[in-house]
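Me: Please take a close look at a single part of this structure and explain it to me as a newcomer. Start with one stretch of chain, then work outward.

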Amino acid sequence: MLSEIDRKILRTIQKDGRITNQELANRCGLSPSACFDRLRKLREQGYVMDIVARLDPVKLDCALLIFIEVLLDRTTGDVFVQFAEEVRLMPEILECHMVAGGFDYLLKVRVKDMVAYRAFLADSLVSMPGVRETRTYAVMEEVKNLTELPI
């Protein structure tokens, strides 16, 4: 079970992963050594999976955000495994979620533009074994895009 101080540490580092231990300790009301120990334990226990930089997709030529519903032709274990293996190899796919409902997977994809997306769809996604149908939703505006969890 997490203490309120642990939660404060987690809230703080997810807003600023580059914060120094000294500043983190100050914000959480701890000594630097106590703060360091708590953060180390949170990492060891798996609460902190990774600390990464958020990059600007427009500046890096990945401006178009697409969500894709994927319906497989069969929903058997081997098809699921094969699909997941293929998806992990495609850098354009940022997220892949198996979902319940009218389709099997929901993908979050970033590409340069619609031309690049059509090429990705034709050359990669629809040619994957097991893919029967896809539905594409191009994002016109990102209203909210956070990585922070409500702790």
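Reply: First, a term. Helices and strands here are DSSP runs, with at least four residues for a helix and at least two for a strand, and they are numbered from the N terminus. With those labels, we can place Asp 61: this residue sits in the loop between α3 and β1. That loop is our part. Keep in mind that the model is predicted.

Stay with Asp 61. Its phi is near 65 degrees, which is a positive value in a residue other than glycine. Why point this out? Most residues other than glycine have a negative phi. Is Asp 61 buried or exposed, or something in between? Its relative accessibility is 45%, so Asp 61 counts as partly exposed.

Now look at other residues of the loop. Val 48 also has its place between α3 and β1. Its relative accessibility is 12%, and buried means under 20%, so Val 48 counts as buried. Val 52 is found in the loop between α3 (32–44) and β1 too. Its relative accessible area is 64%, and exposed means over 50%, so Val 52 is exposed.

How far are these two valines from other parts of the chain? Take Val 48 and Pro 129. They are 81 residues apart in sequence, and their C-alpha atoms are 35 Å apart in space. Next, take Val 52 and Phe 103. These residues are 51 apart along the chain, and 31 Å separates their C-alpha atoms. One more such pair takes us to helix α1 (residues 4–15), where Ile 9 has its place. Ile 9 counts as buried, because its relative accessibility is 0%. Its C-alpha atom is separated by 41 Å from that of Val 79, 70 residues along the chain.

Next, the pockets. The largest one has a volume of about 760 Å³. Which residues lie nearest its centre? They are Ile 13, Gln 14, Asp 50, Ile 51 and Thr 147, out of 20 that line this pocket. By class, the lining has eleven nonpolar, six charged and three polar residues.

The second largest pocket holds about 630 Å³ of space. Its lining has 23 residues, and nearest its centre lie Arg 54, Leu 94, Lys 108, Arg 110 and Asn 145. Which strands supply at least two residues each to this lining? β1 (64–72), β2 (93–98) and β3 (105–111) do. So β1, which borders our loop, also takes part in this pocket. By class, the lining counts 13 nonpolar, eight charged and two polar residues.

Follow β1 into the interior. The largest nonpolar core has 20 residues. Ile 68, Val 70 and Phe 83 have the most contacts inside this core. β1, α4, β3 and α5 (114–125) each supply at least two of its residues. β1 gives the largest share, five residues.

Phe 83 turns up again among the aromatic rings. Ring pairs link Phe 80, Phe 83 and Tyr 105 into a cluster. The structure has three aromatic pairs by the rule used here. One of them joins Phe 80 and Tyr 105: the ring centres are 6.1 Å apart and the planes meet at 70 degrees, so the pair is edge-to-face. This pair links distant parts of the chain, with Phe 80 in helix α4 (residues 77–88) and Tyr 105 in strand β3, 25 residues apart. Phe 80 is partly exposed, since its relative accessible area is 21%. Tyr 105, at 5% relative accessibility, counts as buried.

Last, the cysteines. How many disulfides does the structure hold? It holds zero. For Cys 28, the nearest cysteine sulfur is that of Cys 35, 5.5 Å away. A disulfide needs the two sulfur atoms within 2.5 Å, so Cys 28 is in no disulfide. Cys 28 is buried, with a relative accessible area of 7%. Cys 62 is in no disulfide either; its nearest cysteine sulfur belongs to Cys 96, 18 Å away. At 28% relative accessibility, Cys 62 counts as partly exposed.

To return to our loop: Val 48 is buried, Val 52 is exposed and Asp 61 is partly exposed.

How values were computed. Residues are numbered from 1 along each chain as its sequence is written. This is a predicted model: local features need pLDDT of at least 70, side-chain atom pairs count only at pLDDT 80 or more; totals for chains, interfaces and linings use all residues. Side-chain values use heavy atoms; hydrogens and water are left out. On a 1 Å grid over the protein atoms alone, a cavity is a set of points where a 1.4 Å probe fits but cannot get out, and a pocket is an open set with protein on both sides within 12 Å along at least five of seven lines; lining residues have an atom within 4 Å of a point. Grid points are joined across faces, edges and corners, and a volume is the space filled by probe spheres set on the points. Ala, Val, Leu, Ile, Met, Phe, Trp, Tyr, Cys and Pro count as nonpolar, Asp, Glu, Lys and Arg as charged, and the others, Gly among them, as polar. Buried means under 20% relative accessible area, exposed over 50%, partly exposed in between (1.4 Å probe, protein chains only). Rings of Phe, Tyr and Trp (its six-membered ring) pair if their centres lie within 6.5 Å; planes under 30 degrees apart count as stacked, over 60 as edge-to-face and the rest as tilted. A nonpolar core is a set of buried Ala, Val, Leu, Ile, Met, Phe, Trp, Tyr and Cys residues joined through side-chain atoms within 4.5 Å.
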